[in-house]
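Please look over the chain and its fold before reading on. The paragraphs below lead through the strands and then turn to the interior.

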Amino acid sequence: MEQPDLLIDGRRVSLMMPWGDLELVKCWPGGTESITFDISRGHALFRPGALVTLDYGGIRIAAGRLNRPTRGELLQAVGLWRLGEEFTALDGSLAPATSVHAAVDGPIGRGMPWRRGPDGTGSIYDLSPEPLVRGMPNLDPDRTHSVSEFMDASAKERGHLWGVDPYRFAFMQDWAAPTMHLLPDVDGLGRNADGYASCLIARYNSVTTGLYEPAVYEDVEATKRWGYRERTLTVLLAEGQPITEEAALGILAGILSQGRAGMGWERPVEVQYGDVVNVRQEPVDLWDLGQPAQTITAHGLAEDVADLDGGTTALIRVARTRHRDSTVLIEPAGLSSPMEDALAAAGVA
């Protein structure tokens, strides 16, 4: 597998020294998770916080911020989307942000290396929970939040996921339709019901009655295929802020649409060139795996008794890819422990 070009703060490393042992990890939601590599000697360029990017065929495929180097260990850069956890959602005047765009723009002005693209309905760069209608997610205005908490809340209300692309733009996107196919007889996968839910139950502070009312939302298609299973959120929706029933149901639908409603997978699958093909049955370049919101159709699965429709194909929502040497390890959304982690983060019992 041909190796991408490694750049540090825009300077091509191969013009200065040999380098190798590249491992690229991409994730969704998120974008670049990590870039790990080895160098032949030290250089002042490898400073903590430096921008590390990978270019492949003239296209940027990854970007991260360099960690503090440790003597004798490989260098590693961490994806820029993780910086949303480190910056507080304050606007340009250092007041608590009153919209998700202000929550991002303020930290950008203070040095967070994200970018914001054009707003507007239909734009993946419009980060609002309701573009051109409402810019503030349902969060407690009296609490201080991180940028990531703003992005998480807005994405959940929209039923999307969010990330930062290799060109540093923050964006939101739903899972894409499948354009690639995993051929039969590739070792791995296996179904797992841990964390599966087709119906979520929660309570919310009703703006209409002033009481804490129940909200129930079911993914009927998931129930049809995998059976009915309900889970209960142990925390109030919208952090207890008064909301409508429609808004409460929208939040629950958003949680399910982010991948909670579906049978999970027992293990990842390792692929080589030729194991994944496009719609024309041509092998897919392995560096193209792990694009944001990517979905792959897996073929030739043994009939699963838990699948009430008796299907032998399934859609794999790609949560993480690990690129190293001539292979890629694909981790589907819904692996046993990530599924439980995701539900726990949403307050699901």
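Which residue in β7 is the bridge partner of F37? In this predicted model, that partner is L75, and the pair is a convenient place to begin following the strands. Strand β4, covering residues 30–39, and strand β7, covering residues 75–79, run antiparallel and are joined by four bridges. Strand β7 also pairs with β6, which spans residues 59–66, and here the sense is again antiparallel, with three bridges between the two. Within that pairing, A77 of β7 stands opposite L66.

From β4 the path can also be followed to another strand, because two strands count as paired if at least two bridges are found between them. Strand β4 and strand β9 meet this with two bridges, and their pairing is parallel; G30 is found opposite G163 of β9. Strand β9 is joined in turn to β10, residues 169–173, by four bridges, and these two strands run antiparallel. In this pairing L161 faces Q173 of β10. The hairpin that β9 and β10 form has four residues between its strands, and in it R168 adopts a positive phi near 80°.

Strand β9 itself deserves a closer look. In a regular strand, side chains alternate between the two faces of the sheet. Are the faces of β9, residues 161–164, covered or open? Both are covered, since L161 and G163 on one side are buried, and so are W162 and V164 on the other.

One of these residues leads on to the interior of the protein. The largest nonpolar core contains 25 residues, and W114, M151 and W162 are those with the most contacts inside it. Helix α1 (100–109), helix α2 (147–158), and the strands β9 and β10 each contribute at least two residues to this core, with α2 giving the largest share, namely five residues. The surroundings of W114 give a more detailed view: leaving aside neighbours within four places in sequence, W114 is in contact with a set of residues including V104 and I108, V147 and M151, W162 and V164, as well as R168 and A170. That set also includes L80, W81, L83 and G84. R168, which has the positive phi in the hairpin of β9 and β10, is thus among the contacts of W114. Apart from this core lies another, made up of 23 residues, among them I8, V13, L45 and V52.

Elsewhere in the chain there is an open sheet of three strands, in the order β14-β13-β15, with mixed pairing. Its edge strands are β14 (212–218) and β15 (230–232), each of which pairs on one side only, and the twist from one strand to the next averages 25°. Strand β13, residues 199–205, pairs with β15 in the parallel sense over three bridges, and L200 has R231 as its bridge partner in β15.

With these parts in view, the chain can be considered as a whole. Its secondary structure comes to five helices and 21 strands. Of its 349 residues, 49% count as buried, and the area that the chain exposes is about 16,100 Å², of which carbon and sulfur atoms supply 49%. Among contacts between residues at least 6 apart in sequence, 65% join residues at least 24 apart.

Conventions
Residues numbered from 1 in each chain as written. Predicted model: local features only at pLDDT ≥ 70, side-chain atom pairs only at ≥ 80, totals over all residues. Heavy atoms only, no water. Buried < 20%, exposed > 50% of the residue type's maximum accessible area, 1.4 Å probe, protein only. Axes fitted to C-alpha atoms, helices over the stretch in contact; angles between N-to-C directions. Contact = heavy atoms within 4.5 Å. Areas by Shrake-Rupley, 256 points an atom, 1.4 Å probe, with all protein chains shown as cover. Core = buried A, V, L, I, M, F, W, Y, C linked by side-chain atoms within 4.5 Å.
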